[in-house]
Amino acid sequence: MQRIAFTKCHGSGNDFPLIDARALDLSDTEWAVLARVFSDRTGPVGGDGILLLTEGDDEHAFGMRMFNSDGSEAETCLNGLRCVARAGFEALGIDAARVRLQTSSAEVARAEAIAPGVVSVRTSARASLGIAATGPLSGLPSTRDFTAVSMPNPHLIAFVEAVNEAELVALGAWCEAAPPLLPERANVSFVEMHGSDLFVRTYERGVGLTNACGSAMAAAVFAAGLTGRVAWGREVIVFNKGGLVRGSAASPADGAEVTITGNATFEWDGTIGADGSGLEVTRRRGDETAAWDAALAQISSNNAASPPIR
């Protein structure tokens with residue numbers, strides 16, 4: 001049986017097995033099956049999906065693919081992109097690159113650590129308006145105002161006084177059923193404002209309620225600019241259950257680039273059978289895990305009023 005080498009990693013708590021797939025010849029169907037097996041939280045690895053480092057081309061140093069835990073492929077995953085970027089940097093001996101995504105490209109670069117010992121990466125990707133402009137979307141089972149943003153995967157962003165998770169899950173599950181309004185489904189986020197900073201809670205397409213969704217955090221920063229809640233170009237902290245990132249967005253007139261800087265933490269390396277059997281841990285990266293845990297503890301101790309993490 002084929003064995004697969006991988007690195008268990010996370011970006012802001014959004015965790016994945018990351019596979020260097022440049023020399024692997026598997027079909028999309030086989031990758032979808034592996035995603036379901038490896039992401040199973042009751043199995044030996046678990047995750048929000050799987051990440052693939054893929055070959056580059058004339059315009060890209062390398063590529064990234066991401067399969068959700070249900071086996072569907074996402075257009076992008078910015079928390080995952082930071083981890084894939086780090087793997088690409090280390091494999092090729094570079095510090096910055098243009099990366100090929102499923103339907104678009106992104107710029108990535110090593111960044112100053114967001115906290116001591118925390119390996120950090122900066123990503124830049126272009127946002128666009130989604131299926132509608134700001135305002136009620138006809139047909140949604142909600143009276144809230146949503147901003148539709150594509151990163152390029154689809155997002156619905158609502159700014160709320162306080163996140164109601166039951167309401168979020170109900171709306172996310174409705175979108176997950178691919179209604180006529182959203183034939184490709186959508187990620188749904190409720191966003192609280194904490195001063196100029198944001199707290200984002202997301203029901204992720206193909207995953208469910210998740211501790212972090214990088215493209216949702218980027219979409220939230222862009223939506224905050226569109227709705228006048230945050231000035232264009234201003235860097236803010238974006239919190240989520242898994243941690244935080246720093247983000248800023250340019251206006252549509254200035255290119256609509258959304259820049260996110262956050263951790264790309266490698267927790268451990270291993271190999272496993274393609275059926276999910278015979279896990280062997282080959283390396284533990286306790287220093288990185290400890291650095292991230294210390295960063296979260298420091299955030300909590302410095303700001304008792306900050307949104308909840310972990």
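**Exercise 1. Work out how much accessible surface the protein chain has, and what share of that surface belongs to carbon and sulfur atoms.**

Solution. The accessible surface comes to about 12400 Å². Carbon and sulfur atoms own 48% of it. Keep in mind that this is a predicted model.

**Exercise 2. Decide how the chain's radius of gyration compares with the globule rule.**

Solution. Start with the inventory: the chain has 5 helices and 19 strands. Its radius of gyration is 18 Å, and the globule rule gives 19 Å for 310 residues, so the chain is as compact as a globular protein of that length. Next, burial: 54% of the 310 residues count as buried. Finally, take contacts between residues at least 6 apart in sequence: 60% of them join residues at least 24 apart.

**Exercise 3. Find which residues are joined with Arg-86 into one salt-bridge network.**

Solution. First, a bit of background: side chains of opposite charge can pair when their charged atoms come close.

Step one: Arg-86 and Glu-288 meet in a salt bridge, 2.8 Å from N to O. Arg-86 sits in helix α2 and Glu-288 in helix α5, 202 residues apart. With the buried cut-off at under 20% relative accessible area, Arg-86 qualifies at 5%, and Glu-288 does at 10%.

Step two: Asp-269 pairs with Arg-285, their closest N and O atoms being 3.0 Å apart. Asp-269 lies in strand β18 and Arg-285 in the loop between β19 and α5, so this pair ties together parts 16 residues apart in sequence. Both Asp-269 and Arg-285 are buried.

Step three: shared partners join Arg-86, Glu-90, Asp-269, Arg-285 and Glu-288 into one network.

Methods: Residues numbered from 1 in each chain as written. Predicted model: local features only at pLDDT ≥ 70, side-chain atom pairs only at ≥ 80, totals over all residues. Heavy atoms only, no water. Helix = DSSP H or I, 4+ residues; strand = E, 2+ residues; numbered from the N terminus. Rg over C-alpha atoms; globule rule 2.2 N^0.38 Å. Buried < 20%, exposed > 50% of the residue type's maximum accessible area, 1.4 Å probe, protein only. Contact = heavy atoms within 4.5 Å. Areas by Shrake-Rupley, 256 points an atom, 1.4 Å probe, with all protein chains shown as cover. Salt bridge = Lys/Arg side-chain N within 4 Å of Asp/Glu carboxyl O.
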